[in-house]
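Student: Please pick one part of this model and take a close look at it. Then connect that part to the rest of the chain.

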Amino acid sequence: MGRRRQTKKAKGTANQPSIVRRLLSWIRNRQFKLGPVQRQILGLGLFLLGIVTFLGLWGISTGSILGWWVRTVSQAFGWVAFPVALGLAILGLRLAWPAFHSRSPLPPGTVVAIELLLLVILVASHAPLVIRMGADEAGLAAHEGRGGGYVGWALAVLLMEGLGPVVGSLVLVV
C-alpha cells in the first residue's frame, strides 16, 4: 500500500518543465524597474489624475469623461474618494520628483498601515447604514456615493451579517 503508482511520461517531455513553471520562472527573473523618464511620466500622469479627480469631486471641473470618472470613484470609495485622490497626487509627486521622495521616505509598513486605516474607515462609515437600513438599502446608498461606497458596503455587509451587528461593531472599534 505504501508504494506510489508511477505514471509514464510522454516521450520528449521528461526533462521539459511545465508551462506554468516556465512562466513562474520568467516572472521571478523579470525585473520591473522604471527608467528616470518613465518614472517621471508615470508620476506626472498620476499627479494630474489625482488633481483632476480632486477638482471633479469638489465640482470645480466638469466634463463628460470627468463626470463618469468622478462618479465611478465616488461609488467605489464614497467620501474616502477625497483622500484617495490626494493620495494619487502625492504618489505622482513622489514618482516624478526624486527630491520629494528622498526628503519624505515612506517605509512599506507605513503604506500598508495607511491602506488598512482607509479600509477600516470605509467599513466604519458604511456599517451604520447596513445596521440601520439593511444590506439592500445600504447598497443603494453606495450606488449614490454615500458612506464608504461599494468597497465599504461590501466589507460592512460581510462583517455585520457574518458576525452580527454587536460583534461586528466591536471588531471595528478594536
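Tutor: Start with helix α4. It has 16 residues and reaches 22 Å from its first C-alpha to its last. That is close to the 22 Å expected at 1.5 Å a residue. (The expected span is 1.5 Å times one less than the number of residues.) Helices here are DSSP runs of H or I with at least four residues, strands are runs of E with at least two, and both are numbered from the N terminus.

A word on the source. This is a predicted model, where local features need pLDDT of at least 70, side-chain atom pairs count only at pLDDT 80 or more, and totals for chains, interfaces and linings use all residues. Residues are numbered from 1 along each chain as its sequence is written, and side-chain values use heavy atoms, with hydrogens and water left out.

Now look at which residues of α4 are hidden. A81, A85, A89, G92, R94 and L95 are buried. (Buried means under 20% relative accessible area, exposed means over 50%, and partly exposed is in between, with a 1.4 Å probe and protein chains only.) The cover over these buried residues includes α2, α3 and α5 (98–103).

Take G87 next. It sits in α4 too. It counts as partly exposed because its relative accessible area is 35%. Its C-alpha is 9.5 Å from that of L46, although the two are 41 residues apart along the chain.

L46 brings us to α2. This helix spans residues 36–58, so it has 23 residues. It reaches 33 Å end to end, C-alpha to C-alpha, close to the 33 Å expected. Its buried residues are G43, L46, G50, T53, G56 and L57. They pack against α3 (64–77) and α4 (81–96). Just past the end of α2, G59 takes a positive phi of about 80°.

Two residues show how α2 relates to α4. T53 lies in α2. It counts as buried because its relative accessibility is 1%. Setting aside residues up to four places away in sequence, T53 touches W69, V70 and A85. (A contact means heavy atoms within 4.5 Å.) A85 is also one of the buried residues of α4. G45 lies in α2 as well. It is partly exposed because its relative accessible area is 37%. G45 and G92 are 47 residues apart in sequence, but 7.0 Å apart in space, C-alpha to C-alpha.

α4 also lines a pocket. The largest pocket holds about 510 Å³ of space. (On a 1 Å grid over the protein atoms alone, a cavity is a set of points where a 1.4 Å probe fits but cannot get out; a pocket is an open set with protein on both sides within 12 Å along at least five of seven lines; lining residues have an atom within 4 Å of a point. Points are joined across faces, edges and corners, and the volume is the space filled by probe spheres set on them.) The lining has 16 residues, and G87, L91, L106, V111 and I114 lie nearest the centre. α4 gives the largest share, nine residues. Both α4 and α6 (108–133) supply at least two. By class, the lining has eleven nonpolar, two polar and three charged residues. (Ala, Val, Leu, Ile, Met, Phe, Trp, Tyr, Cys and Pro count as nonpolar, Asp, Glu, Lys and Arg as charged, and the others, Gly among them, as polar.)

α6 takes us to the largest nonpolar core. It has eleven residues: V123, A127, L129, V130, A135, A138, A141, A156, V157, L159 and M160. (A nonpolar core is a set of buried Ala, Val, Leu, Ile, Met, Phe, Trp, Tyr and Cys residues joined through side-chain atoms within 4.5 Å.) α6, α7 (135–143) and α8 (149–163) each supply at least two of its residues. Apart from this core lies another, of six residues, among them L57, V73, A81 and A85. In soluble globular proteins, nonpolar side chains tend to be buried together.

H126 is in α6. It counts as buried because its relative accessibility is 0%. Beyond four places in sequence, its contacts include A138, A141, W153 and A156.

Last, the whole chain. It has nine helices and zero strands. Buried residues make up 24% of its 174 residues. Among contacts between residues at least 6 apart in sequence, 64% join residues at least 24 apart.
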